[in-house]
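Got your viewer open? Here is a short walk through the model, one selection at a time.

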Amino acid sequence: MITSIHVPGDVPDLHTILAPSRQATLNALGPAVVALVPHAFFRSIAGQSRQVAHALAMLALADVSALRNWVVNLGARDSLTRVTHLLCEIATRLQAVGQARDYCFPSPFTQSDLAAACGISAVHANRIIQDLRHSAWLHWRSKTITITNWDALVQVSGFTPDYLHLRRVPHIERSCETIPHRIADRGDRIATL
């Protein structure tokens, strides 16, 4: 199971500065540059600067908020909503760090990884992605995802980026007109936009 996805610039498991523990394994789904920074360094700079201490606290709060949202995603949303919400989150976070443009972003994860993050089978994830493609809401080619109907994904997922605590929420320009589409979520529900 995948319990979080990090983008460039994230500090995974920041909470371990206060309570060092090894609760999870961190795996790179693609090429990554990793910097190992001792906890003592973070504690030291936080003690020297209120601004740095505040920034670290805000990063930790953003992690907690994102984790809370993932719990809601897995526990209260149907599989279509889980997948579309996660895609909206990833697009927004990558846009914030300059890694997504015009609704297009690199995707080092596979549909199986998406399934693991959404708590569904790989077959079910594939069906949802096929339905999203058929409805012209997104294209997923090889290692690139292009969202072709942002408004539809936002509407069906109920996505609002507030929980991400981004300094400035990236404005993602419309890339297409919102056209009513019908998408079936194999057994969970049918959403009409």
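**Start at F105**

This is a predicted model, and F105 is a good residue to pick to get going. Leaving aside neighbours within four places in sequence, F105 touches L87, I90, A91 and L94, then Q99 and A100, and also K143, T144, I145 and I147. F105 is also among the residues with the most contacts inside the largest nonpolar core.

**Widen out to the core**

Now select V83, L86, L114, I129, L132 and I147 along with F105: these have the most contacts inside that core, which has 37 residues. Colour by element, and the ones giving two or more residues to the core are α3 (79-96), α4 (111-118), α5 (122-134), β2 (138-141), β3 (144-147) and α6 (150-157). Which element gives the largest share of this core? That is α3, with 8 residues.

**Zoom out for a moment**

Show the whole chain as a cartoon. You should find 6 helices and 5 strands, running along the sequence as α-α-α-β-α-α-β-β-α-β-β. Of the 193 residues, 38% are buried. If you draw the contacts with a separation of 6 or more, 68% of them link residues 24 or more positions apart.

**Look for the cavities**

How many cavities of 30 Å³ or more are there? The count is 2, and the largest has a volume of about 40 Å³. To see its lining, select N69, W70, N73, H85, L86, E89 and A117. Both α2 and α3 give two or more residues to that lining. By class, the lining of the largest cavity splits into 3 nonpolar, 3 polar and 1 charged. Keep L86 highlighted: this residue lines the largest cavity and is also on the list of residues with the most contacts inside the core.

**On to a pocket**

Next, go to the second largest pocket, with a volume of about 200 Å³. Select L14, H15, I17 and L18, add F42, R43 and A46, and finish with A53, L56, A57 and A60 to show the lining. Two helices, α1 (39-48) and α2 (50-76), each supply at least two of these residues, and α2 gives the most, with 4. Colour the lining by class and you get 9 nonpolar residues, 1 polar and 1 charged.

**Check the cysteines**

Pick C88 and C104. Is C88 buried or exposed? C88 is buried, at a relative accessible area of 0%, whereas C104 is partly exposed at 30%. The disulfide count for the model is 0.

**Last stop: two backbone angles**

Most residues other than glycine have a negative phi, so two residues deserve a click. The first stop is D102, in the loop between α3 and β1 (104-106). D102 has a positive phi, near 50°, and is not a glycine. With 65% relative accessibility, D102 counts as exposed.

Then jump to H165, in the loop between α6 and β4 (182-185). Here phi is positive again, at about 55°, in a residue that is not a glycine. H165 is partly exposed, with a relative accessible area of 44%.

Methods:
Residues numbered from 1 in each chain as written. Predicted model: local features only at pLDDT ≥ 70, side-chain atom pairs only at ≥ 80, totals over all residues. Heavy atoms only, no water. Core = buried A, V, L, I, M, F, W, Y, C linked by side-chain atoms within 4.5 Å. Buried < 20%, exposed > 50% of the residue type's maximum accessible area, 1.4 Å probe, protein only. Contact = heavy atoms within 4.5 Å. 1 Å grid on protein atoms, 1.4 Å probe; cavity = no way out; pocket = protein on both sides within 12 Å on 5 of 7 lines; lining within 4 Å. Points joined across faces, edges and corners; volume = space filled by probe spheres on them. Nonpolar A, V, L, I, M, F, W, Y, C, P; charged D, E, K, R; others polar. Disulfide = S-S within 2.5 Å.
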